[in-house]
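Reader: Please take a close look at a single part of this structure and explain it to a first-year student. I should like to know what lies around that part as well.

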Amino acid sequence: MPLSLSEGKVIRPGYHRELDELRDLQENGRQWLQSYQAQQAKETGINSLKIGFNNVFGYYIEVTRANLKNTPPHFTRKQTLANAERFVTGELKEFEEKILTAQGKIAAIEREIVNGLCSQVLKDATALHETASGIASLDALYSMSAIASLPGYIIPEVNSEEEIHIKDGRHPVVEKLTGNAFIPNDTLLDRDENQLIILTGPNMAGKSTYIRQTALLVIMAQTGGAVPAAEARIGMVDKIFTRIGAHDEISKGQSTFMVEMTEAAGILNNLSERSLVVLDEIGRGTSTYDGLSLAWAVAEFLQQRKVRTLFATHFHELTALAEEYPGVKNYNVSVKEWDDRIIFLHKIIPGGSDQSYGIYVAKLAGIPKEAVSRAGAILAKLELHGSLQETIRHGGKSTERQMAIFEKENKEARRYEEIGRALEETDIDSLTPLEALNKLQQLKRIAEKNGKSSPVTS
Ligand SMILES: Nc1ncnc2c1ncn2[C@@H]1O[C@H](COP(=O)(O)OP(=O)(O)OP(=O)(O)O)[C@@H](O)[C@H]1O
Ligand SMILES: [Mg+2]
């Protein structure tokens, strides 16, 4: 299928007779030439007669000197060579004319047909829109009813409570691909005891599938459709916010991490009490300490606002939040170690996990053996150095340094606020020149308080 008119072949064969003939001529030109050559050879008895083409004379019939006596009168001489003569005929000229102009004619006819159709569509635009919208509604309603009649789909209860309760929910798309092998999971979210779910667990376990499944089921339920679950009660959601995966927008001046943070900022600045937040990793695109600190702070922010949140992460340190805050619950996706293999059970169970099996998954993905075993050795060394969780909870060098930067920035911001207030309170019209000078000196003193206001670079 061509994507644009200029590619040609936009009109189906059988619609326009002349177009079909021209295309046929283009496609079967070589065949016509062969049969014309055979026919001329037969009629004249010159078996060596050949048809050729050059840019100066176009198509010609070439007859060797020895056979010249047999050339019929309708052969018109065009060119003389050492051993042969070249001729044209009326039929050959006509063929040449047609084939050389065919491409241009085809393009012109196609353009004319398409333009004609466009103006016809424009003329009936309103009626077409109405019909399209009617068909779209019908399609949506039909699809929803077809899905509702599938086994394993139920009509959910959508209410104004705050709880999202799904029993044996399934991801409608992943389930299609995995068939009977799909493992159903429950979801319980509210704005009280189960407000922020920290979901940890190995790579490939099913975290992303689970959190997206919950968001999808909420959307399906709120559109009035059936959902793939055994039971579902959905406390209405006003907006669903998601942050998923890593990508950049280099043509818009945004790096990978900048995109990640912009998306996170969009969530934190726009959510409401009724929202549902689905975070698939936060803070992966920067250094471990920075990323973990941000993930931790984002989780705390969501916890304080009591927004229903599913947070899938490989920062196992975040599971410590459940000890500090009511409403934060840890879940993980279970796996079974068997011989030296890992079996993914895809079952969401209560509790945190402290394993990612990332190196095992890298091996499954085909990372060379050498690199896999080296990664194993490095991991073992790193693990000897204690957990990041302790560092965060009890302070660490990197954290202290970054905190010092924020402290300095905060002081500066407070100073400028003070100057702003002093200016606002000043009534310039009632000031004497001396008072004005004094005021200026006072403002300068504020600006210089705590040292010069140089930019923060350390
Ligand atoms: N409940 C399930 N039942 C059956 N298969 C599942 C289930 N959940 C996930 N899977 C399968 O496991 C694959 C990996 O799942 P998913 O991407 O959700 O893992 P993940 O935990 O997010 O991994 P990562 O940490 O690497 O992102 C899916 O592509 C799907 O084929
Ligand atoms: Mg994932």
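Author: Two residues are in contact when heavy atoms of theirs lie within 4.5 Å. The model is a predicted one, in which local features need pLDDT of at least 70 and side-chain atom pairs count only at pLDDT 80 or more, while totals for chains, interfaces and linings use all residues. Residues are numbered from 1 along each chain as its sequence is written, chains are lettered from A and ligands numbered from 1 in the order in which they are written, and side-chain values use heavy atoms, with hydrogens and water left out.

The part chosen here is the pairing of helix α6 (residues 256-270) with helix α7 (residues 288-304), whose axes come within 11 Å and cross at roughly 15°. Helices are DSSP runs of H or I with at least four residues, strands are runs of E with at least two, and both are numbered from the N terminus. The axes are lines fitted to C-alpha atoms over the stretch in contact, with angles from 0 to 180 degrees between N-to-C directions. The two helices α6 and α7 are therefore roughly parallel, a term for angles under 35 degrees. Their crossing is left-handed, meaning that the near helix is turned anticlockwise from the far one by less than a right angle.

From α6, the contact draws on F257, M261 and L268, and from α7 on L294, V298, F301 and L302. By class, these residues are seven nonpolar, no polar and no charged; the nonpolar class is Ala, Val, Leu, Ile, Met, Phe, Trp, Tyr, Cys and Pro. In soluble globular proteins, nonpolar side chains tend to be buried together.

M261, a member of α6, deserves a separate word. Beyond residues up to four places away in sequence, M261 touches I282, G283 and L294. The C-alpha atoms of M261 and G285 are 9.4 Å apart, although 24 residues separate the two in sequence.

The loop between β13 (276-280) and α7 holds E281. Phi of E281 is near 75°, a positive value in a residue other than glycine. E281 counts as buried because its relative accessibility is 12%, buried being under 20% relative accessible area with a 1.4 Å probe and protein chains only.

Q303 belongs to α7 and counts as buried at 6% relative accessibility. With neighbours within four places in sequence set aside, Q303 is in contact with Q195, L196, Y325, P326 and V328. Strand β15 (residues 328-338) contains S334, a residue that counts as buried at 11% relative accessibility. S334 touches F344, L345, H346, K347 and I349, again not counting residues up to four places away in sequence.

A wider view completes the picture. In the largest nonpolar core, which has 32 residues, those touching the most other members are I164, I166, L199, I211, V227, I234 and L276. Helix α5 (residues 207-222) supplies the largest share of this core, seven residues. A second, separate core of 24 residues includes I267, A299, V307 and V328. Such a core is a set of buried Ala, Val, Leu, Ile, Met, Phe, Trp, Tyr and Cys residues joined through side-chain atoms within 4.5 Å.

Technical notes. Angles under 35 degrees count as roughly parallel, over 145 as roughly antiparallel, 65 to 115 as roughly perpendicular and the rest as oblique. Buried means under 20% relative accessible area, exposed over 50%, partly exposed in between (1.4 Å probe, protein chains only).
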